[in-house]
Amino acid sequence: MQGSGGWLEIARGDDALVLQAGGCWLVASAAELDRSLNRLDTLAAATTVRIDLAGIEMLDTVGAWLVLRTRRRFEGRGIATSIENVPQAFAPLLDQVAKGEPPEPVPAPRLGFAQTLRAALEFVGEETFKFLEAARELLGFFGLVCIAVLRAFREPARLRTVSVVAQMQRAGVSALPIVGLLSFLIGVVLTFQGADQLRRFGAEIFAVDLLGLGVLRELGVLLTAIIVAGRSGSAFTAELGAMQVNEEVDALRTLGLDPVDVLVLPRLFGLILALPLLTFYANFMALLGGALMCWIALGIPLVEFMRELHDSISEWTFWLGVLKAPFFAASIAVVGCRRGLSVERSAESVGRSTTLSVVESIFLVILIDAAFSILFAQLHI
Amino acid sequence: MPRSRSSSRSSISDRADGPIIRVRGLVTRLGGRVLHDQLDLDVRRGEVLGVVGGSGSGKSVLLRTIIGLMRPAAGTIEVFGEDLQTQSEQRRRQIEARWGVLFQDGALFSSMTVAQNIAVPLHEQLALRAPLIDEIAALKVGLVGLPREAAAKHPAELSGGMRKRAGLARALALDPQLLFLDEPTAGLDPIGAAAFDALIRDLRMALGLTVFMVTHDLDSLVAICDRIAVLVDKRLRIGTMAELLRDPDPWIQAYFRGPRGRAAITERAAGRSDG
């Protein structure tokens, strides 16, 4: 059994099995040596085994472990085994490895069908509990933030105005290009698709009504909130998460500062102020896109577009859309900050929390939107 | 004894004579500031070299430059007799597999358990069967003196000292001949630091390692380093403790003759006369 680096020869002595090891027993040739040694298990048992290391030229910890493992396996089968002719230079290494010798690994038990089913059920149960637990914790955090908000109203000095403005700049002003572009395109697409369908009834002009109502009441605010959840909600989680990993949040606490006051409130107020403004801008851009589309592709002049729009919508159409923005903003900020503050001290945890934060905040935004729809329907607005 | 072994082992793959690391005329700049200017360094086979210097003097940068994480502005660096900068990507990987690096806080991959961390280089470099990889990981965990249960834990669940040991186990996964340690005892309590020193000394004896160690710990310098390299004026002064004590440079004098330095050295002398 000649290996590339190390070799192993099996000889039958008078009453014993002699394993002669030689060459380089290094980690680089471990795969081959391991295969040779595993074949020994099927060998007919002898009364004693001698492992002769006289031929070893080089040995490292993995090589030493393979020698020791071989001895242990034979001894496990009740065969007396000795290691002989250890070259002087390798004696300390063998001793060192023998000291840290790991236990024989226990093979993982194979699972039957019933156990697999049970594990699957357990998984579903665990995940359900985790979901409920997350909802409970979110509610708890929301309560904490509410208390902080009330405190901030009672003592306005606690509110960090500069931070609030900085957050508005980051979440609002910086988002203008992307929100504007996407809204404009949605306006274009909505008008075109609507007109395409309505043309069959000769009612092309109603594409303007569709655009006005759709954008102002639902699409403008929803689209903006989803973009902001992806942009700023994830940023909140990642920032606070990295601070948590660096123990910066703990440092704040020891300095007598409440992390909710310092970190959460500016983000919350910043977003609550920025999102309605962004929504207004998004609405405008979407209507602009629709108007351009009408003018260029459908031949509806701007004056006609304006008159139709004016007839189809009221002031309230706009307000009913923008009214939802602060609620969306609050849910994005609260979810983002909570996920950030619950990060554990690992890089993986930051990533997982950021993903969860975006998913949860978009989920909440749509849930709240649905709730508003029901509310408005009941109120007949 | 281990020294003769390490040299016989490396003789097949490279020139056994000559230093294991050879740096000539190294110049590094960081943010417009010159950190090393015409720096020379030889690390001999089988020795433990301690690198000291003031904060910000570029000790860690020197280590990172030698292992190829940073590019020097000028100069040559040879490790195992080969200049890494002129090698192909593939050859460089092979050379890199022959050294192990322990970063300051272990730099363990936080999403993996300790055993999985140790298995990373084994998976990447060698085609081993999964059970053997598990055995080797368990072996290294024992070798660095961690309890067996630690293998299944994530780095976040370990103490600072245990993380360093786990980092060392990963650095030793491929049985390197050369070990780089960046502040191995920083952040450990004196008992933990002494235990870590003893571990490095034992492993170096048993495995025939050459160790390049950046440290601030005077006790480690005295306890395990054969030679000490002091980074002053952008160059290295290298010598044994006794030689450096005679060096007239004011920083070196302040470093070794200061109250802490004196305590570490006299303690060692007392220990020697006892034993």
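Two strands count as paired here if DSSP finds at least two bridges between them. With that in hand, the sheet of chain B in this predicted model is a good place to start. Strand β1 of chain B, residues 21-30, and strand β4 of chain B, residues 74-79, run antiparallel to each other and are joined over five bridges. Two of the facing positions can be picked out by name: V23(B) sits opposite I77(B) in β4(B), and R22(B) sits opposite E78(B) in β4(B).

That pair belongs to a wider arrangement. In chain B, four strands make up an open sheet with antiparallel pairing, and reading across it gives the order β2-β1-β4-β5. The edges are taken by β2 (33-43) and β5 (82-83) of chain B, each of which has a pairing partner on one side only. Helix α2 of chain B, residues 59-66, packs on this sheet and touches β1, β2 and β4 of chain B. The direction of α2(B) makes about 120° with that of β1(B).

Now for the β5 end of the sheet. Here β4(B) and β5(B) pair in the antiparallel sense, over two bridges. E78(B) turns up again, with D83(B) as its bridge partner in β5(B). The two strands β4(B) and β5(B) form a hairpin, and two residues lie between them. In that turn, F80(B) has a positive phi of about 55°.

Chain B also meets chain A. The contact involves 28 residues of chain B and 28 residues of chain A. On the chain B side, the elements that give two or more residues are α1 (2-10), α5 (130-143) and α7 (190-207) of chain B. Of the residues on this side, α5(B) supplies the largest share, with nine. Sorted by class, the side of chain B that touches chain A holds 16 nonpolar residues, along with four polar and eight charged ones.

Over in chain A, the model shows 13 helices and four strands. The chain has 381 residues, and 34% of them count as buried. Among the contacts in chain A with a separation of 6 or more, 82% are between residues 24 or more positions apart.

Helix α3 of chain A, residues 91-99, gives a closer look at how burial plays out. L93(A), L94(A) and V97(A) in this helix are buried. These residues lie on the same side of α3(A) because they cover an arc of only 100° around the axis. A91(A) and K99(A), on the other side of α3(A), are exposed. As for the neighbours, the buried residues of α3(A) pack against β3 (48-59) and α2 (61-76) of chain A, together with α5 and α7 of chain B.

How far can the picture be trusted? The model as a whole scores ipTM 0.71 and pTM 0.67. Chain B has an average pLDDT of 81, and 91% of the residues score at least 70. Within chain B, confidence peaks in strand β8, residues 210-214, at 91, while the lowest mean, 39, belongs to α1(B). For residues 1-15 of chain B the pLDDT is below 50, although this stretch has 24 contacts in the model beyond near neighbours in sequence. Where pLDDT is low, the predicted coordinates should not be read in detail.

Methods
Residues are numbered from 1 along each chain as its sequence is written. Chains are lettered from A and ligands numbered from 1 in the order in which they are written. This is a predicted model: local features need pLDDT of at least 70, side-chain atom pairs count only at pLDDT 80 or more; totals for chains, interfaces and linings use all residues. Two residues are in contact if their C-beta atoms, placed from the backbone, lie within 7 Å. Axes are lines fitted to C-alpha atoms, for helices over the stretch in contact, and angles run from 0 to 180 degrees between N-to-C directions. Ala, Val, Leu, Ile, Met, Phe, Trp, Tyr, Cys and Pro count as nonpolar, Asp, Glu, Lys and Arg as charged, and the others, Gly among them, as polar. pLDDT is the predictor's confidence in each residue, from 0 to 100. A residue is buried if 20 or more other C-beta atoms lie within 10 Å of its own, exposed if 12 or fewer, and partly exposed in between; C-beta atoms are placed from the backbone. The arc is that of the directions from the helix axis to the C-beta atoms.
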